[in-house]
Amino acid sequence: MAGRSGEASDLACGSSALRVICGRRHPGCGNIVTFAQFLFIAVEGFLFEADLGRKRPAIPIRYYAVMVTMFFTVSVVNNYALNLNIAMPLHMIFRSGSLIANMILGIIILKKRYSIFKYTSIALVSVGIFICTFMSAKQVTSESSSSENDGFQAFAWWLLGIGALTFALLMSARMGIFQETLYKQFGKHSKEALFYNHALPLPGFIFLASDIYDHAVLFNKSELYQVPGIGVTVPIMWFYLLMNVITQYVCIRGVFILTTECASLTVTLVVTLRKFVSLIFSILYFRNPFTLWHWLGTLFVFLGTLMYTEVWNNLGTSKGQPQKEDKKN
């Protein structure tokens with residue numbers, strides 16, 4: 001199980017790297033990347049989970065339709081945010097605040113109440129995101145052209161990107177609450193949800209067909225690359241896309257294996273560490289500008305995330321249990 005967790009984390013870093021490589025070579029290619037991922041997972045789920053359409057879903061399709069609308073919207077908005085002067089590290093840090101967004105909506109919608117310890121984690125993550133956002137804003141204005149109009153335009157696009165990330169974060173949290181209520185009513189069916197969340201949105205890509213086609217043409221014009229071990233020559237962008245789809249699929253499957261076979265503490269630790277490793281990988285590999293203030297903001301975000309999950313309390317409990325069992329024996 002530890003091996004599977006490590007593979008999922010490593011492949012998540014690889015998927016993020018390949019996603020950014022594609023974006024740097026062809027800005028705005030997020031739609032074709034997302035479409036390829038959705039199509040691959042949908043085909044796999046249709047063959048092995050839906051049994052070629054013969055297996056009836058445990059959760060009614062109308063509920064999946066609502067969930068899919070949210071899921072599709074979040075995916076598309078997150079893709080476009082990268083085209084709005086949003087650096088990949090800031091993108092990843094912002095999305096790591098999903099726990100906090102979920103808590104806020106839980107208080108508003110489900111009338112939940114939390115301990116002071118968890119409210120403190122909200123403050124830490126909020127401060128961390130604010131620091132990284134503020135410092136990125138300064139970089140956007142300083143790195144833009146000397147023209148005042150160009151600088152204002154770059155900053156305006158960046159503000160629009162922050163708005164898109166905020167919307168996607170809240171929509172993702174609302175989707176999580178919706179899933180929670182569904183699973184309480186119909187039981188947990190993660191494989192089925194994974195299939196329908198990727199199969200039902202496919203018709204929506206019709207509205208993005210022109211953009212997907214344009215980037216497919218650009219991918220065809222990229223330099224040729226000989227695939228090692230096979231000897232087949234393909235445009236390198238298609239090779240990058242294939243690798244991204246495969247690593248993303250294995251990453252999602254790895255998370256599913258963790259949720260079904262491991263304790264929730266293990267899942268939380270692995271997912272949190274995966275985000276952190278992916279962030280560090282992005283900074284080092286792509287040489288993104290990252291100041292001491294960014295590191296401080298990142299520390300606050302992940303410290304707050306760990307506080308929210310009460311990792312230290314749970315670790316102390318898990319250490320105490322074996323000792324009690326030994327005394328009983």
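Start by selecting Leu52 in this predicted model. Leu52 is partly exposed, with a relative accessible area of 43%. Colour by secondary structure and you'll find Leu52 in the loop between α2 and α3. Now check its backbone: phi of Leu52 is near 60°, a positive value in a residue that isn't glycine. That deserves a pause, because most residues other than glycine have a negative phi.

Next, step back to Asp51. What is the phi of Asp51 near? The answer is 55°, again a positive value in a non-glycine residue. Asp51 sits in the loop between α2 (30-48) and α3 (61-81), so select those two ranges if you want the helices on either side in view. As for cover, Asp51 counts as partly exposed because its relative accessible area is 34%, which falls between the 20% and 50% cut-offs.

Now zoom out and show the whole protein chain. How many helices and strands does the chain have? Count along the cartoon and you should get 13 helices and 2 strands.

Switch on a surface next. The accessible surface of the protein chain comes to about 17700 Å², and carbon and sulfur atoms own 64% of that. Then colour by burial: of the 329 residues in the chain, 46% are buried.

Last stop, a contact map. Keep just the contacts in the protein chain with a separation of 6 or more, and residues 24 or more positions apart account for 79% of them.

How values were computed. Residues numbered from 1 in each chain as written. Predicted model: local features only at pLDDT ≥ 70, side-chain atom pairs only at ≥ 80, totals over all residues. Heavy atoms only, no water. Helix = DSSP H or I, 4+ residues; strand = E, 2+ residues; numbered from the N terminus. Buried < 20%, exposed > 50% of the residue type's maximum accessible area, 1.4 Å probe, protein only. Contact = heavy atoms within 4.5 Å. Areas by Shrake-Rupley, 256 points an atom, 1.4 Å probe, with all protein chains shown as cover.
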